[in-house]
Amino acid sequence: MGARRAVITGVGAVSAFGVGYDALANGLAAGKSAVGPIRSFDARTFPTRVAGEVPLDKTGASFLEKHRGMLLHVGEATAWEDAGLLRDRKVCFGLVAAAEAWRHARCGGAERKASLSIGLGLEQAFLEDLAEQLDGDEIRIGAGDLAGPEGVRFRSRVDLTAEKIRAVIGLSGRVAVHVSACAAGGMAVAHAASWIERGAADVVLCGAADSMVNPLGIGGMSRLGAPSPRAEPSACRPFDRRRDGLVVGEGAAMFVVEEESRARARGAEIFAVIAGHATTQDAYRATAPRPDGSRALAAMERAVRRANLRPADVGYVNAHGTGTQLNDIAEAKAIRALFGDVPTSSIKGAVGHLMAAAGAIELAACLLAFTRDLLPGTAHFEEPDPECPIHVIGPRPLAKRVDYVLSNSFGFGGQNVSVLLGRPR
Amino acid sequence: MTHAGRMAVTGCSLRTPLGDDAATVLRRLLAGERAAAPNAHFDASTYACRLAATIPSAPRPTKHRKFVKRMGLFGMEVGAEALARSGAPAKGARLGLFCGYGGLRAHWDDLMPVLERQTGDERATGAWGQGFSLLHPFWMLFHLSNNAHALLSIDLGAKGDGTTTAGSNAGAQALQAAIVALATDRVDAALVFAYDSLVEPETLLSLGTSGAATAAATPAAIVAPYDERAAGIVPGEAAAAVVLERPEDAGERAISFVSAAATADGAVDFPSPRALASLASALSADDTIVDGAALASPTRDAAERAALAGVLGPSATLLALTASTGHLGGATAVVQAILLAEALRAGALPPIAGLDRPAVGPLRPLVRAEETRARSALGLSAGMPGLAGAVRVEVP
């Protein structure tokens, strides 16, 4: 019996390009950028005023109904909205992306035993909730009038997205919730592949959802100093000499990952093989990557080795590429050391940094390499930086046929994950 | 008979409401003590649930206070202690770190500078100048779910595999991930730490109003799980860590062996008894002792006992460590891994604290401490939404 391999048979996405995987794929294939002024709240006074924001004013029941393709009971979405459960945009994004991936893979009753591995971002607090609990100079949460309908926290707890996806699609397998910050999405997909390889699952719905395009998210990130201070659509310029920070994005990407022979037996279309994956830790500093990129390199190297490949087999690297000074230099060193002049890009200039969902949306972008023979470009990359001596694909995608692509995600404090995808045979 | 996915435990450490070392906690468990007391963290006099089991000590002073709050600091402390005690030779890239994190708790107090100046500004047009600009630059880092993980990896130089998982079965998830990393030779030692506190205003509010938590006015009035009058859990908190190594690497350093599983069944509240029984079935190897999920609801307790009887037999011994420690959320599985091993090594099983009138049903809820010659036991845990965890512990 051959080794079990995990393959991707369905994908769904919600991004600044719009709802649906096609919107993302078409936007990237056209070399566009979807970063623009924040519309969902009044950010005029914030230092950060642009984002990779999903183009809709409000998430809620109507949004879910419109894009459902899932087994919502009559009135269910409205009930969730009434209970305040849909204000956290990542809940809606995750649900819609999951439904699209499920539909795309033509999953049905035979797949209901599927497991779920999902990366999620921070629990979302809402200013209006907090204001209700404000009593003089104290936050009062308690019994009676101070309770709120279900309690403040339970309207947006960290695993709410997972619970709703599981309930709506009717999955009955195991669940893993990854919260390794910006590495969470990549880790969720890697974990799904690991389950498949070990025989712990045959089908896994996996991916990530996040949104920090709200006053707390943008405000907190601004205080941290991570976003670019330039309030313009070209604010994020990965690997460009003039880069000065990231742009916050939001959205979700979900995949149906299943055991290869099972997928083939049911006639599912295979979009990619998850050929390798690995995680490492920097063990360096909380707020900066290891400057020599050695642990990022180790993650990439291990992913390649696990796939029984050589670095030269990898034809494209989808970089974490945040557009910050420190990340891009360290990552470029690692890529150069392992892969030499391999074509590399970051889509964060086009869709923003989706935080916990970054790894997932970037893996979705990687599928372009197999479905259209296109390697996504690096929006707003114009001036190469001598400190990032790698082959950065410019703003336009590169038409090239490659067999293997690798995607990096690096989280706060140096949690690294690399996922290697292969062209299906 | 042993379980295929088991790994050796070579070091451990914990912080619980009953103490900071396993021997002390076991002694108090055997004495039938309960940690429940009037909420020590904040004034809960208006809450439906006014009692809690809290860790009496405070985290040690550390430079990490600027990034991590109380429970995360406890998690980091026990992680470092467990590794130091293990004698594990693995370092750097061969040392993995796996964190189970119960769930994010909003830090309302840090938001005060933002909130108190917003009154009357409905569109929040002054939100930056009047509020957010006053936030501490690291405010967001307090919120990060993996901050304790990241900083501990730095302190310990752990450069191998690692992940942070979340949810009320996070400890079991982290154990499971660590066991896989060891089994596939990705690391030579895996430090697993988990921490959680249910003693937070929003959590207590929800648990209290839903009836899941006790409404007893005094500790003496609490009715134990598996009692015919059981009426809700006691919210608790804990941090715990174990170092896992492959049995052949651990050799004589192995103090116990552990396997783990986690699942979810889609329930909005607690997982079904069937999910718990399924986990028990996956891990069990002729075990006759189980530390139950102990949800302290006559209906749930009865259903759990019936389901477990189908796996373990009707006369299996039923424990409920959380009757003493309080419910420990995402930290439960790691705490069970430590305390069940301590009990097996001592040859003594603790009673279900406060159990006066066991409900009629299968399994044998332990009313009094008793000696045991068993070398293995199962531990189950259940949390919302529909999350279940399990560990199997075996001593040499």
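## Rings, strands and cores in a predicted model

User: Happy to dig in! How many aromatic pairs are there over all chains?

Analyst: This is a predicted model, so the count rests on computed ring geometry. Rings pair if their centres lie within 6.5 Å. By that rule, the count over all chains comes to eight aromatic pairs.

User: Is the pair of Tyr101(B) and Tyr195(B) stacked or edge-to-face?

Analyst: A pair of aromatic rings is described by the distance of the centres and the angle of the planes. Here the centres of Tyr101(B) and Tyr195(B) are 5.8 Å apart. Their planes stand at 75 degrees, and an angle over 60 makes the pair edge-to-face.

User: How many residues apart in the chain are Tyr101(B) and Tyr195(B)?

Analyst: Both tyrosines are buried. Tyr101(B) belongs to strand E4 (residues 95-101) of chain B, and Tyr195(B) to strand E6 (residues 189-197) of chain B. The pair thus links distant parts of the chain, 94 residues apart.

User: Which arrangement do Phe193(B) and Tyr195(B) form, stacked or edge-to-face?

Analyst: Both Phe193(B) and Tyr195(B) are buried. Their rings lie 6.2 Å apart, centre to centre, with 20 degrees between the planes. Planes under 30 degrees apart count as stacked, and this aromatic pair is stacked.

User: Which ring has the charged end of Arg6(B) over it?

Analyst: For this kind of contact, CZ of Arg must be within 6 Å of the ring centre. The charged end of Arg6(B) sits 4.0 Å from the centre of such a ring. The ring belongs to Phe257(B).

User: Let's turn to chain A. Why is strand E16 (residues 404-411) of chain A described as largely enclosed?

Analyst: In a regular strand the side chains alternate between the two faces of the sheet. On one side of E16(A), Tyr404(A), Leu406(A), Asn408(A) and Phe410(A) are buried, and on the other so are Val405(A), Ser407(A), Ser409(A) and Gly411(A). The strand is largely enclosed by the rest of the structure because the buried residues number eight of the eight.

User: Which residue of strand E17 (residues 415-422) of chain A is the bridge partner of Ser407(A)?

Analyst: Ser407(A) has a partner on another strand too: Asn318(A) stands opposite Ser407(A), and strand E12 (residues 316-318) of chain A pairs with E16(A) in the parallel sense over three bridges. E17(A) runs antiparallel to E16(A), joined by eight bridges. In E17(A), the bridge partner of Ser407(A) is Val419(A).

User: Which residue takes a positive phi in the hairpin of E16(A) and E17(A)?

Analyst: This hairpin has three residues between the strands. A positive phi near 75 degrees is found at Gly413(A).

User: Which helix gives the largest share of the largest nonpolar core?

Analyst: In soluble globular proteins, nonpolar side chains tend to be buried together. The largest nonpolar core has 100 residues, and Leu64(A), Leu116(A), Ile165(A), Leu205(A) and Met254(A) touch the most other members. Leaving out residues up to four places away in sequence, the contacts of Ile165(A) include Leu95(A), Ala98(A) and Met254(A). The largest share of this core, nine residues, comes from helix H4 (residues 89-104) of chain A.

User: How many disulfides does the whole structure have?

Analyst: A disulfide is a covalent bond between the sulfur atoms of two cysteines. The sulfur of Cys12(B) is too far for a bond, because the closest cysteine sulfur, in Cys99(B), is 17 Å away. Over all chains, the number of disulfides is zero.

Terms used
Residues numbered from 1 in each chain as written. Chains lettered and ligands numbered in written order. Predicted model: local features only at pLDDT ≥ 70, side-chain atom pairs only at ≥ 80, totals over all residues. Heavy atoms only, no water. Core = buried A, V, L, I, M, F, W, Y, C linked by side-chain atoms within 4.5 Å. Buried < 20%, exposed > 50% of the residue type's maximum accessible area, 1.4 Å probe, protein only. Helix = DSSP H or I, 4+ residues; strand = E, 2+ residues; numbered from the N terminus. Contact = heavy atoms within 4.5 Å. Pairing = 2+ DSSP bridges. Phe/Tyr/Trp six-rings, centres within 6.5 Å; stacked < 30°, edge-to-face > 60°. Lys NZ or Arg CZ within 6 Å of the ring centre and 35° of its normal. Disulfide = S-S within 2.5 Å.
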